[in-house]
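Trainee: Please walk me through one part of this model up close, the stretch with the odd backbone geometry, and then show me how the rest of the chain sits around it. I'd like the local detail and the overall picture joined up.

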Amino acid sequence: MSSPTSLLIRRARIILPNGELMIGDVLTRDRQIVEVAPEISTTTAPLKEIDAEGLTLLPGVIDPQVHFREPGLEHKEDLFTATCACAKGGVTSFLEMPNTRPLTTTVQALDDKLQRAQNKCLVNYGFFIGATAENLPDLLLANPTPGIKIFMGSMHGQLLIDQQEVLEAIFAKGNRLIAVHAEDQARINQRRKEFAGISDVAVHSQIQDNQAALLATQQALKLSQKYQRRLHILHMSTAEEAELLRQHKPDWVTAEVTPQHLFLNTSAYEKIGTLAQMNPPLRSPHDNEVLWQALHDGVIDFIATDHAPHTLEEKAQPYPNSPSGMPGVETSLLLMLTAAMQGRCTLAQVVNWMSTAVAKAYGIANKGAIAVGYDADLVLVDLNTYRPVLREELLTKCGWSPFEGWNLTGWPTYTIVGGQLVYEKGKLHTQVRGQALTFGQ
């Protein structure tokens, strides 16, 4: 099926790069935005025209941390099902993590993922390479990749790097961005002994406590400063880390927060049990508030979902056998837009946190704004309608959400990837394919 090369969006509420709102039209041609104006009159009729009156046009979400489980764990999710969920949630690009089977720790494994994505992904894609104690040459050679992922804790096997000398070797060589899962494994091991035998999942937040996160973030920050190395702190979860960065954040360091660390806290264990279990764990309401403030102040730069699905059967195992992780790509934009409607932030801030700032941090050219010359990765959302998150409507293969039953607004009506409609009023166009992202280092 041939795809439209031109698309005209009419009468949308457009969030412009300066944060202002304009009612107007956007014309795209051959994957790019070619005109943004209050009214566009075209002599050559576009192949597709959308009447967007009453809808709000945003740059597509760039989700910079997901686990899509392919290869090796496709019973939880795969690149096709995950990107169907992305399209429904307004996510037009993603950066995926290396803890698949086999691990993405070699150039060959990265190339395999890129090939799979080219064949299966409805949206744009990029894949991190994972650090081990032995793969420094691959870390330097891998391309294209947004960066090197280091698990400092809450991991096992080759991907766990908790030895100072190995961390030093990775930080000392090369200039590629390093993204860290910052939890201190020694403290986690100690706390596991202290809380051994407790099967209440709420103990998870005590075992992998705020101190475990803070210790690892302090260590990563010191290494980044010592080697002047570009550092990104993944899924920051604690007030202590936010205050540390408020005092000591060089301009080459960035940080992200997940919607679940903004909207959920330890009270969720009582309501949804192991479905609330993730790494790093949910924290206190106080942590929620401090993270929100840090996001507003620019201490935290942007938002990622850490979409990490497990089946309901796996999640039903008693703690600590229940796996950590939850899906998120279908609900992240909705949660943030609902917060904006409640006055917790502005639409312009949501655009910055979910698109513009991510593109800037990873050097992804021509994405994250509605402007001439930028890629036509766009989402039209309905901010006038509230609907509950329903399990039976989810497209993620795992089939559940920690936000089930939440009444949210901002549901995407149309999602556009490279000028092509991939999601349209509840219908997926599964023939659309995204492209491999490239990254400026």
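Mentor: Let's settle the names before anything else: helices and strands here are DSSP runs, at least four residues of H or I for a helix and at least two of E for a strand, numbered from the N terminus. Keep in mind too that this is a predicted model.

With that in hand, go to the loop between β6 (61-66) and α1 (79-89), where you'll find Pro-71. The peptide bond leading into that proline from Glu-70 is cis, with omega near 5°. Now step back to Arg-69, which is found in the loop between β6 and α1 as well. Arg-69 has a phi near 70°, a positive value in a residue other than glycine. Is Arg-69 buried or exposed? The cut-off for buried is under 20% relative accessible area, and Arg-69 comes in at 7%, so it counts as buried.

What lies around this loop? A handy guide is Phe-94, whose contacts, leaving aside residues up to four places away in sequence, include Asp-63, Val-66, Phe-68 and Leu-79. Phe-94 also touches Cys-121, Val-123, Asn-124, Tyr-125, Gly-126 and Phe-127, plus Leu-437. And Phe-94 is one of the residues with the most contacts inside the largest nonpolar core, alongside Ile-150, Ile-170, Val-180, Leu-262, Leu-333 and Met-336. That core has 104 residues. Its largest share, seven residues, comes from helix α13 (residues 332-341). There's a second, separate core of 19 residues, with Ile-9, Ile-14, Ile-33 and Leu-57 among them.

Follow Phe-94 across to Asn-124, which sits in strand β8 (residues 124-127). Asn-124 has just 2% relative accessibility, which is why it counts as buried. Its contacts beyond four places in sequence include Arg-31, Thr-92 and Ser-93, and also Lys-367, Asp-377, Val-417, Gly-434, Gln-435 and Leu-437. So much for what it touches; for a sense of span, Asn-124 and Gly-174 are 50 residues apart in sequence and 26 Å apart in space, C-alpha to C-alpha.

The backbone features of your loop have counterparts elsewhere. Another cis peptide bond runs from Asn-279 to Pro-280, with omega near -10°, and Pro-280 lies in the loop between α10 (268-272) and α11 (285-297). For positive phi, look at Ser-154, near 50°, in the loop between β10 (148-151) and α4 (164-172). Ser-154 is buried because its relative accessibility is 15%.

Zoom out and the rest falls into place. The chain has 14 helices and 18 strands, and its C-alpha atoms fill a box of roughly 70 × 45 × 40 Å along the principal axes. A compact globule of 441 residues would have a radius of gyration near 22 Å, so the 21 Å of this chain agrees. Buried residues make up 62% of the total. Of the contacts with a separation of 6 or more, 73% join residues 24 or more positions apart. On the outside, the chain exposes about 16,500 Å², with carbon and sulfur atoms supplying 49% of it. As for charge, the mean positions of the 38 positive and 47 negative charges are 2 Å apart.

Note on methods:
Residues numbered from 1 in each chain as written. Predicted model: local features only at pLDDT ≥ 70, side-chain atom pairs only at ≥ 80, totals over all residues. Heavy atoms only, no water. Rg over C-alpha atoms; globule rule 2.2 N^0.38 Å. Buried < 20%, exposed > 50% of the residue type's maximum accessible area, 1.4 Å probe, protein only. Contact = heavy atoms within 4.5 Å. Areas by Shrake-Rupley, 256 points an atom, 1.4 Å probe, with all protein chains shown as cover. Lys, Arg positive; Asp, Glu negative; His and termini not counted. Charge placed at Lys NZ, Arg CZ, Asp CG, Glu CD. Core = buried A, V, L, I, M, F, W, Y, C linked by side-chain atoms within 4.5 Å.
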